[in-house]
Amino acid sequence: MAKDNNKTNVMRILDQAKISYNHYFYDHEDGKIDGVSVAHKLGQDVERVFKTLVTRGASREYFVFVIPVAQELNLKAAAKSVDEKSVEMIHVDEINKVTGYIRGGCSPVGMKKQFQTVIDSSCEQLPAIIVSAGKIGAQVEVAPRELLRFIGGKTAALTL
């Protein structure tokens, strides 16, 4: 079988796990890779497109939070959801070392290590959410329940 060169590792992982998804590719030559721009490029509501944020807790453990792209992470709510005293965003130059991904291409699927992951509870009202497919220019749409089950995640109210 010929290898599909357009598939990202995230797509291959989802295929292997037999998780149904749709994939999208978008042009990023203009440098607009923020989540709201990506949602507009895909013609999707910003409430359906989620960004993946990596934090470090007071315990020095890493935690992943997945929230709608137009929202801001409430650090107190995030810390509470993972039983930490506090959490802070990791520095952009740490993202690749910690996750294996780069800024703008960080996915909750397929990180170097599976960190405790919490997805904003707004996903519970949606049949599918769109997250990064592990590289800039690629996204996957997946049912939140399936994603949560696969990554061992949970939901909580995470935004301001």
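## Close-up views of a predicted model

**View 1. Asp-120, a buried acid without a salt bridge.** Asp-120 is buried but has no salt bridge, and the nearest side chain of opposite charge, Lys-51, is 11 Å away. That gap is well outside what a salt bridge allows, because the nitrogen has to come within 4 Å of a carboxyl oxygen. Keep in mind that everything shown here comes from a predicted model. What does the side chain of Asp-120 make a polar contact with? The partner is the side chain of Ser-122, at 2.7 Å. Setting aside neighbours within four places in sequence, Asp-120 also touches Phe-50, Val-66, Ile-67, Pro-68, Ala-156, Ala-157, Leu-158 and Thr-159.

**View 2. Strand 5, the home of Asp-120.** Asp-120 sits in strand 5. This strand covers residues 116-120, and 4 of its 5 residues are buried, so the rest of the structure largely encloses it. Strand 3 (residues 62-68) runs parallel to strand 5, and 4 bridges join the two. Look for Val-66 here: it stands opposite Ile-119 of strand 5. Strand 8 (residues 154-156) pairs with strand 5 as well, again in the parallel sense, over 3 bridges. In that pairing, Asp-120 faces Ala-156 of strand 8. Both Val-66 and Ala-156 turn up in the contact list of Asp-120 too.

**View 3. Helix 5 and its two faces.** Which residues of helix 5 are buried? In this helix (residues 144-151) they are Pro-144, Leu-147, Leu-148 and Ile-151. Seen down the axis of helix 5, these buried residues fall within an arc of 100°, so they line one face of the helix. Turned away from that buried side is a face carrying the exposed residues Arg-145 and Arg-149. And what do the buried residues of helix 5 pack against? They pack against strand 5, strand 6 (129-132), strand 7 (138-142) and strand 8. Just after the helix comes Gly-152, which has a positive phi, near 70°.

**View 4. Lys-18, a loop residue with positive phi.** Most residues other than glycine have a negative phi. Lys-18 goes the other way, with a positive phi near 60°. You'll find Lys-18 in the loop between helix 1 (9-16) and strand 1. Is Lys-18 buried or exposed? Lys-18 has a relative accessible area of 75%, so it counts as exposed.

**View 5. Asp-83, another loop residue with positive phi.** Phi of Asp-83 is near 55°, a positive value in a residue that isn't glycine. The loop holding Asp-83 lies between helix 3 (75-81) and strand 4 (87-89). Asp-83 has a relative accessible area of 72%, so this one is exposed. How many residues apart in sequence are Asp-83 and Lys-32? They are 51 residues apart in sequence and 35 Å apart in space, C-alpha to C-alpha.

**View 6. Glu-29, an exposed loop residue.** Glu-29 is in the loop between strand 1 (22-25) and helix 2 (35-42). With a relative accessible area of 68%, Glu-29 is exposed. Glu-29 and Gly-137 are 108 residues apart in sequence, yet their C-alpha atoms are 9.2 Å apart in space.

How values were computed
Residues are numbered from 1 along each chain as its sequence is written. This is a predicted model: local features need pLDDT of at least 70, side-chain atom pairs count only at pLDDT 80 or more; totals for chains, interfaces and linings use all residues. Side-chain values use heavy atoms; hydrogens and water are left out. Buried means under 20% relative accessible area, exposed over 50%, partly exposed in between (1.4 Å probe, protein chains only). Helices (H or I, at least four residues) and strands (E, at least two) are DSSP runs, numbered from the N terminus. Two strands pair if DSSP finds at least two bridges between them. The arc is that of the directions from the helix axis to the C-beta atoms. Contact means heavy atoms within 4.5 Å. Lys and Arg count as positive and Asp and Glu as negative; His and the chain ends are not counted. A polar contact is a pair of N or O atoms within 3.5 Å; within protein, one must be able to donate a hydrogen and the other to accept it, and residues adjacent in sequence count only if both atoms are side-chain atoms.
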